[in-house]
Amino acid sequence: MPTLPINDLVVHPRDQDLVLATHGRGVWILDSASALQQLTPAVASSKAALFSIKPATMIRYQNLKPHLGDMYFKGENPVAGGVIDYWLGATPGTIAITVLDAAGKVVNTLTPTKQHGVNRVVWSLRKADVSAGGTPVAVDDEGQPIGGRVAGPYVAPGTYTVQL
């Protein structure tokens with residue numbers, strides 16, 4: 001967000017998004033500010049904490065091609081998947097984020113960031129990736145292998161548990 005005057009801000013009552021209005025008639029939205037609302041001194045002094053998670057909705061976009069309106073007035077859509085916010089203290093050590101189904105069976109294990117403070121990881125609402133029998137062809141920005149794997153199938157609607 002550029003340095004500019006903020007004329008108004010509000011937390012959206014339904015979505016808990018922080019909405020900022022600028023002097024330049026722009027709008028900036030921080031999706032789900034609930035982690036900031038739940039950041040208490042007790043959480044800040046802990047080694048790690050998991051914030052409450054909103055129900056996730058599966059969004060599968062069909063047409064990603066732009067039209068004339070996209071060339072001028074385009075904002076970012078919320079991320080597709082389950083948003084998981086968590087707190088890490090100064091020395092978090094080894095951490096893992098695991099998603100379990102209603103029976104307690106592991107559905108997926110996510111690769112969390114390990115920075116001090118509030119962090120966010122997005123679960124794609126898929127089961128764990130499966131091997132495609134190949135070798136990774138590259139690594140991404142976080143050093144994770146790319147290639148040689150196929151995304152797992154989407155999970156069925158239901159209740160899932162996240163463990164930190």
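1. Largest pocket. In this predicted model, the largest pocket has a volume of about 690 Å³. Its lining counts 25 residues, and those closest to the pocket centre are Asp31, Lys54, Pro78, Val79 and Val83. Two elements, strand S5 (82–88) and strand S8 (117–123), each give two or more residues to that lining. S5 provides the largest share, three residues.

2. Character of the lining. Sorted by class, the residues lining the largest pocket are ten nonpolar, eight charged and seven polar.

3. Salt bridges overall. How many salt bridges does a search of the whole structure find? The count is two. In general terms, side chains of opposite charge can pair when their charged atoms come close. The two pairs are taken in turn below.

4. Arginine 120 and aspartate 85. The side chains of these residues form a salt bridge with an N to O distance of 2.6 Å. Arginine 120 belongs to strand S8 and aspartate 85 to strand S5, so the bridge ties together parts that are 35 residues apart in sequence. Strands S5 and S8 are also the elements named above for the pocket lining. The partners are covered as follows: aspartate 85 is buried, because its relative accessibility is 5% and the cut-off for buried is under 20%, whereas arginine 120, at 34%, counts as partly exposed.

5. Arginine 14 and aspartate 15. Here the closest N and O atoms are 2.9 Å apart. Arginine 14 is exposed, because its relative accessible area of 64% lies over the 50% limit. Aspartate 15 has a relative accessible area of 23% and is partly exposed.

6. Nonpolar surface patch. Leu4, Ile6 and Leu9 make a nonpolar patch of about 240 Å² on the surface. Leucine 4 sits in the segment before strand S1 (6–11), while isoleucine 6 is placed in strand S1 itself. Which class of exposure does leucine 4 fall into? Leucine 4 is partly exposed, with 33% relative accessibility. Isoleucine 6 is likewise partly exposed, at 34%. Both values can enter a patch because the threshold for patch residues is over 30% relative accessible area.

7. Isoleucine 6 and arginine 25. One further distance concerns the patch residue isoleucine 6. From C-alpha to C-alpha, isoleucine 6 and arginine 25 are 9.9 Å apart in space, with a sequence separation of 19 residues.

Definitions and conventions:
Residues numbered from 1 in each chain as written. Predicted model: local features only at pLDDT ≥ 70, side-chain atom pairs only at ≥ 80, totals over all residues. Heavy atoms only, no water. Patch = residues over 30% accessible without salt bridge, like charges linked within 9 Å, V, L, I, M, F, W, Y side chains within 5 Å. Areas by Shrake-Rupley, 256 points an atom, 1.4 Å probe, with all protein chains shown as cover. Salt bridge = Lys/Arg side-chain N within 4 Å of Asp/Glu carboxyl O. Helix = DSSP H or I, 4+ residues; strand = E, 2+ residues; numbered from the N terminus. Buried < 20%, exposed > 50% of the residue type's maximum accessible area, 1.4 Å probe, protein only. 1 Å grid on protein atoms, 1.4 Å probe; cavity = no way out; pocket = protein on both sides within 12 Å on 5 of 7 lines; lining within 4 Å. Points joined across faces, edges and corners; volume = space filled by probe spheres on them. Nonpolar A, V, L, I, M, F, W, Y, C, P; charged D, E, K, R; others polar.
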